Amino acid sequence: MKLRYTAYKKYLFYLNNFATQKKLKNIFDNNLEYRTGKTELRSYPYKITFDPGNICNLRCPGCHTGIKHPEMIHPSMMNLTNFKLMFEKVKDHVMNIALYNWGEPFLNKHIFDIISYSNEQKVGTTIHSNFNHYNENMANEVIKSKLTHIYLSIDGASQEIYSKYRVRGKIEQVIHNLEMLVEKKKKANSKLPFITWKYLKFPFNEMEIESARKIAEKIGVDNFEVFNAVTKLTDIYDEADKYKNNPQMFKSLKDNCKSLWSSIYIEPDGTVFPCSLSFREKESFGNLINSNFMTLWNNEKYISARQLFSKIPSLENVPLPCKGCKYYLKCCMGI
């Protein structure tokens, strides 16, 4: 498939449209603090995820929202007021924000206002969607709000195969919605949003990858990407068990968990998680709605977690989920 854009072109778009000296300096400073092992940071994370809602219309077996995990935080939707309150605390330090995590973003009735506001503040936006909950008005709003990039999770070329993972999903409707979005882009003569067809690869759907790629090319999406996946929920502790049972895997790990320096994950109610695999209330590192950002970013939990990677790590105050992580095993248990 001949792609109309590459990762290089996408990031060049971010630089041309959303970069400032302050944002670029923050990325440089953050990476420097990461490399030197600082535990109390002056820089902000430059990868920020706001989850518009941890609610979904599908029942994918590999997602805790889909299986309705009993330990997940209370399901909710982010309202525009709270988004603005939290976004204002970080907007000057980031070029792009992720508006997805554990739910379907288009279920949030405020999503286009959130996207538009971010764009007005010179911050790009990325969404991942199963694209089942969608209509013509929403297609118009996607263009109007200037969403930067959308990943569409479509893991098959037939209903039989697609629905094995996207339980309750209708591939015919998804393809219709995708064709409609591409047509709206053409009519508006808009580059945005960049559209990526994201294909999660499982043993049961490998045979339809090329068929899906051909459909994507025919429709005219910007990119087609395949990701290895598992059908069963894998949380941070399951992942650590895989490493523990196969110690050779530890050789592939970086020395430090970069997420504790570069990234932050914010749920609809303001709950902050340090990791993309976190979703339990007991794994929270605070709440951004009622906190000063730098106070939260350098609270006891964050500092204790970063201290795992110091020369003499302190184990006493390591918080969850870090205490059950693969990095904890590597750094602190001699594996």
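This short presentation covers one helix, the nonpolar cores and some backbone features of a predicted model.

In this predicted model, local features need pLDDT of at least 70, side-chain atom pairs count only at pLDDT 80 or more, and totals for chains, interfaces and linings use all residues. Residues are numbered from 1 along each chain as its sequence is written, and side-chain values use heavy atoms, without hydrogens and water.

I begin with helix H2, residues 21-35. Helices (H or I, at least four residues) and strands (E, at least two) are DSSP runs, numbered from the N terminus. In H2, Lys 23, Asn 26, Asn 30, Asn 31, Glu 33 and Tyr 34 are buried, that is, under 20% relative accessible area, whereas exposed means over 50% and partly exposed in between (1.4 Å probe, protein chains only). These buried residues lie on the same side of H2, because they cover an arc of only 160° around the axis, taken from the directions from the helix axis to the C-beta atoms. On the other side, Gln 21, Lys 25, Phe 28 and Arg 35 are exposed.

I turn to the cores. A nonpolar core is a set of buried Ala, Val, Leu, Ile, Met, Phe, Trp, Tyr and Cys residues joined through side-chain atoms within 4.5 Å. The largest has 85 residues, with Phe 50, Phe 106, Leu 178 and Trp 197 making the most contacts inside it. Helix H7 (residues 171-188) gives the largest share of this core, seven residues. A second, separate core of six residues includes Leu 192.

Finally, the backbone. The peptide bond from Leu 192 to Pro 193 is cis, with omega near -5°.

Technical notes:
The expected span of a helix is 1.5 Å times one less than its number of residues.
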